[in-house]
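Biologist: I'd like a close look at one small part of this protein, please. Take your time and walk me outward from there.

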Amino acid sequence: RQMCIRDRERPPHDTAAADSNHPPRKKMMRAAATRHVDGGVVLCLAVNEGHIAAGTSAQTISLLDRATLEPLRHLGTAGKPAHRDRINELCFAPSNMLVSGGSDGFVHIWDAARSGSASPLTTLASGDQAEVWSVSATANMLAAGTETAVVVWDVRKPAAPLARYELHTEAVTRVCFAPGESGREVARLSGVRSGCMDRAGF
């Protein structure tokens with residue numbers, strides 16, 4: 001229930017000096033900061049330039065200041081959780097948009113920069129109430145990996161998915177966008193459980 005942040009600029013600490021008879025011991029990384037996160041066990045994390053988002057076992061999302069780990073606010077409450085089931089993945093999109101996907105079959109888009117709001121800007125349904133295992137987003141596109149499919153939305157037109165690809169026989173545990181030819185966005189879609197990787201262009 002605690003979050004440790006390691007300082008990449010601080011060199012690893014050697015627990016014992018080496019000499020000709022004794023090889024150096026395994027180097028240890030020191031935690032630059034530790035913060036308790038309210039809401040149970042931390043299940044997933046996302047980081048951007050100014051924020052850290054932590055999805056918890058209480059189905060809430062905690063937003064923290066990246067530099068200080070000071071808590072900023074919660075997305076979702078005990079009475080109205082961020083998701084109605086386990087939060088499986090978080091990712092940041094440009095303009096401080098935070099995307100969350102959960103086992104309740106929904107994808108939520110939140111404004112991480114807007115204070116005082118615990119409600120999502122947009123809610124997207126995966127279809128057939130399929131669990132959402134992974135999410136990825138760009139400025140205009142959002143992809144979610146479900147139990148067997150990849151669902152893609154244009155976030156400017158969220159009423160219906162742009163495409164749905166039945167690519168795998170098991171859960172799609174990772175999706176990500178990569179730049180394509182002539183600036184076209186390409187989703188590189190991988191399903192770890194089924195051991196396959198596919199590409200789709202949009």
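Is C44 buried or exposed? And once that's settled, what does the sheet around strand β3 look like, and how are its strands ordered?

Modeller: Keep in mind that this is a predicted model. C44 is buried: its relative accessible area is 9%, and the cut-off for that label is under 20%. The cysteine C176 comes out differently labelled, as partly exposed, with 35% relative accessibility. If you're wondering about cross-links, the structure holds zero disulfides. As a reminder, a disulfide is a covalent bond between the sulfur atoms of two cysteines.

Now for the strand. β3 covers residues 42–47, and it belongs to an open sheet of four strands, in the order β3-β4-β5-β6 with antiparallel pairing. β3 and β6 (71–75) are the edges of that sheet; each has a single partner strand, so one side of each lacks a neighbour in the sheet. Going from one strand to the next, the twist averages 20°.

The partner of β3 is β4: five bridges join the two, running antiparallel. One pair to click on is L45, which sits opposite A54 in β4. The two strands make a hairpin, with three residues between them. As general background for reading side chains here, in a regular strand they alternate between the two faces of the sheet.

Step one strand further and you get β4 (residues 51–56) against β5 (residues 61–65), again antiparallel and joined by five bridges. There, H51 stands opposite D65 in β5.

For comparison, try another hairpin, the one formed by β7 and β8. It also has three residues between the strands, and S95 takes a positive phi near 65° there. Six bridges join β7 to β8 (residues 97–102), the strands running antiparallel, and F92 has L98 in β8 as its bridge partner. Seven of the seven residues of β7 (residues 87–93) are buried, so that strand is largely enclosed by the rest of the structure.

Zooming out, the protein has 17 strands and zero helices. Of its 202 residues, 40% are buried, and C44 is one of the buried ones. The accessible surface is about 11200 Å², with carbon and sulfur atoms making up 49% of it. As for contacts between residues at least 6 apart in sequence, 40% join residues at least 24 apart.

Key:
Residues are numbered from 1 along each chain as its sequence is written. This is a predicted model: local features need pLDDT of at least 70, side-chain atom pairs count only at pLDDT 80 or more; totals for chains, interfaces and linings use all residues. Side-chain values use heavy atoms; hydrogens and water are left out. Two strands pair if DSSP finds at least two bridges between them. Axes are lines fitted to C-alpha atoms, for helices over the stretch in contact, and angles run from 0 to 180 degrees between N-to-C directions. Buried means under 20% relative accessible area, exposed over 50%, partly exposed in between (1.4 Å probe, protein chains only). Contact means heavy atoms within 4.5 Å. Accessible areas come from the Shrake-Rupley method with a 1.4 Å probe; for residues, only the protein chains shown count as cover. A disulfide is a pair of cysteine sulfur atoms within 2.5 Å.
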